[in-house]
Amino acid sequence: MTTRSIRHLVVLFVASMLCVTTAAAQEQFAVQEQGIAPKVAKDSTMPIIHRATVDSTTNQITVEGVNFGDTSILEIEGIILTLVSHTPTHLVAQLPEGLPPASYLLKVIASSNPDSKKKVLFEVAIGAVGPQGATGAQGLQGATGPTGPQGQTGATGASGPQGLQGLPGITGIRTVFSGQVTLNPNSTVRVQLVCNSSEIPISGGFVMLDHNTASLAFADRFLYVSNGPVASDPRRWITIIRNMSGSTGVGNFYVICAARP
């Protein structure tokens with residue numbers, strides 16, 4: 001093989017390699033133009049901010065979240081803040097004096113390197129809060145909840161005060177009858193009964209003994225003229241009855257005697 005032939009082969013080889021390299025570059029460019037990016041696994045160690053609050057009294061900001069790391073950098077609008085305390089989930093930093101009320105971009109870098117890619121952005125409002133908005137419309141009434149379980153039996157209440165003593169009851173009651181008495185038509189009968197010396201009369205009267213038609217007629221028409229104790233002798237009870245019918249009545253006078261208190 002001549003020297004000229006060898007040179008020709010080398011030129012062909014280099015030309016072919018250039019074609020392969022150019023095709024690969026064109027393919028990669030086409031992929032980027034179409035917005036197709038290679039898949040990257042999600043990093044579970046990236047910092048996440050849950051909330052940020054500002055204490056106007058101490059002029060400090062508190063940031064809560066996860067994956068802040070053992071060392072962190074806290075920035076607000078590009079200004080690195082001085083950390084007062086630091087944990088992987090809790091950052092407290094001193095804010096610059098004189099920040100005007102506004103919304104600021106907060107950045108947490110979970111590294112001591114400001115150029116680290118482990119960072120997260122968060123917007124925080126500092127300063128005066130806007131006026132309270134109007135009250136919203138009342139929501140619909142919710143469904144009735146289920147009936148709760150029965151409550152436990154309550155404790156026994158305290159005993160009430162003792163009541164007043166009652167009046168003495170009546171003891172030794174007995175009834176004294178006169179024996180059979182006939183009431184003639186249109187007549188008045190007076191009967192007096194006496195209790196023992198240790199008793200007092202408390203009631204008295206007249207009761208029918210027969211139940212024939214004439215007696216029933218009398219029962220509707222007899223009249224008590226007097227029925228009560230004798231004022232001059234508290235042991236005595238007097239009953240006066242007037243038969244205002246044309247029928248004869250038969251019955252018993254009686255007095256109820258009770259032992260003296």
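This is a chat about salt bridges, confidence and one sheet in a predicted model.

Trainee: Hi! Before I dig in, what is the mean pLDDT of the chain?

Mentor: Good place to start. This is a predicted model, and the chain has a mean pLDDT of 80, with 77% of its residues reaching 70 or more.

Trainee: And where is the pLDDT below 50?

Mentor: That happens over residues 3–41. Beyond near neighbours in sequence, this stretch has three contacts in the model.

Trainee: Okay, new topic. How many salt bridges does the structure hold?

Mentor: Five. One of them brings together the side chains of K107 and E75, at 3.8 Å from N to O.

Trainee: Which strands do K107 and E75 lie in?

Mentor: K107 belongs to strand β7 (residues 102–109) and E75 to strand β3 (residues 73–76). The two residues are in parts that are 32 residues apart in sequence, so their pairing ties those parts together.

Trainee: Is E75 buried or exposed?

Mentor: E75 is buried, because its relative accessible area of 10% is under the 20% cut-off. K107 is partly exposed, at 23%.

Trainee: Why would a Lys and a Glu pair up at all?

Mentor: As a general point, side chains of opposite charge can pair when their charged atoms come close.

Trainee: Makes sense. What does R174 form a salt bridge with?

Mentor: With E199, and their closest N and O atoms are 2.7 Å apart. R174 sits in strand β9 (residues 174–183) and E199 in strand β11 (residues 199–208), so this pair links parts that are 25 residues apart in sequence.

Trainee: How accessible is R174?

Mentor: R174 has 31% relative accessibility and counts as partly exposed. Its partner E199 is buried, with a relative accessible area of 7%.

Trainee: Let's move on to D233. Which residues are linked with D233 in a network of salt bridges?

Mentor: R235 and R236 are the residues linked with D233 in that network. For R236 and D233, the closest N and O atoms are 2.8 Å apart. The side chains of D233 and R236 are also joined by a polar contact of 2.8 Å.

Trainee: Is D233 buried or exposed?

Mentor: D233 is buried, with a relative accessible area of 17%. R236 counts as partly exposed, at 26% relative accessibility.

Trainee: And which strand is D233 found in?

Mentor: Strand β13, which covers residues 233–243.

Trainee: How does β13 pair with strand β12?

Mentor: Strand β12 (residues 222–230) and β13 run in the antiparallel sense and pair over eight bridges. A hairpin through two residues joins β12 to β13.

Trainee: Can you give me some partners to find in the viewer?

Mentor: Sure! Try N227, whose bridge partner in β13 is T239. You can also look for F222, which stands opposite N243 in β13.

Trainee: What is the order of the strands in the open sheet?

Mentor: The three strands go β10-β13-β12, with antiparallel pairing. The edge strands are β10 (188–194) and β12, and each pairs on one side only. From one strand to the next, the twist averages 15°.

Trainee: Last one: how many residues apart in sequence are D233 and V194?

Mentor: They are 39 residues apart in sequence, and their C-alpha atoms are 9.2 Å apart in space.

Terms used: Residues are numbered from 1 along each chain as its sequence is written. Side-chain values use heavy atoms; hydrogens and water are left out. A salt bridge is a side-chain nitrogen of Lys or Arg within 4 Å of a carboxyl oxygen of Asp or Glu. Helices (H or I, at least four residues) and strands (E, at least two) are DSSP runs, numbered from the N terminus. Buried means under 20% relative accessible area, exposed over 50%, partly exposed in between (1.4 Å probe, protein chains only). pLDDT is the predictor's confidence in each residue, from 0 to 100. Contact means heavy atoms within 4.5 Å. A polar contact is a pair of N or O atoms within 3.5 Å; within protein, one must be able to donate a hydrogen and the other to accept it, and residues adjacent in sequence count only if both atoms are side-chain atoms. Two strands pair if DSSP finds at least two bridges between them. Axes are lines fitted to C-alpha atoms, for helices over the stretch in contact, and angles run from 0 to 180 degrees between N-to-C directions.
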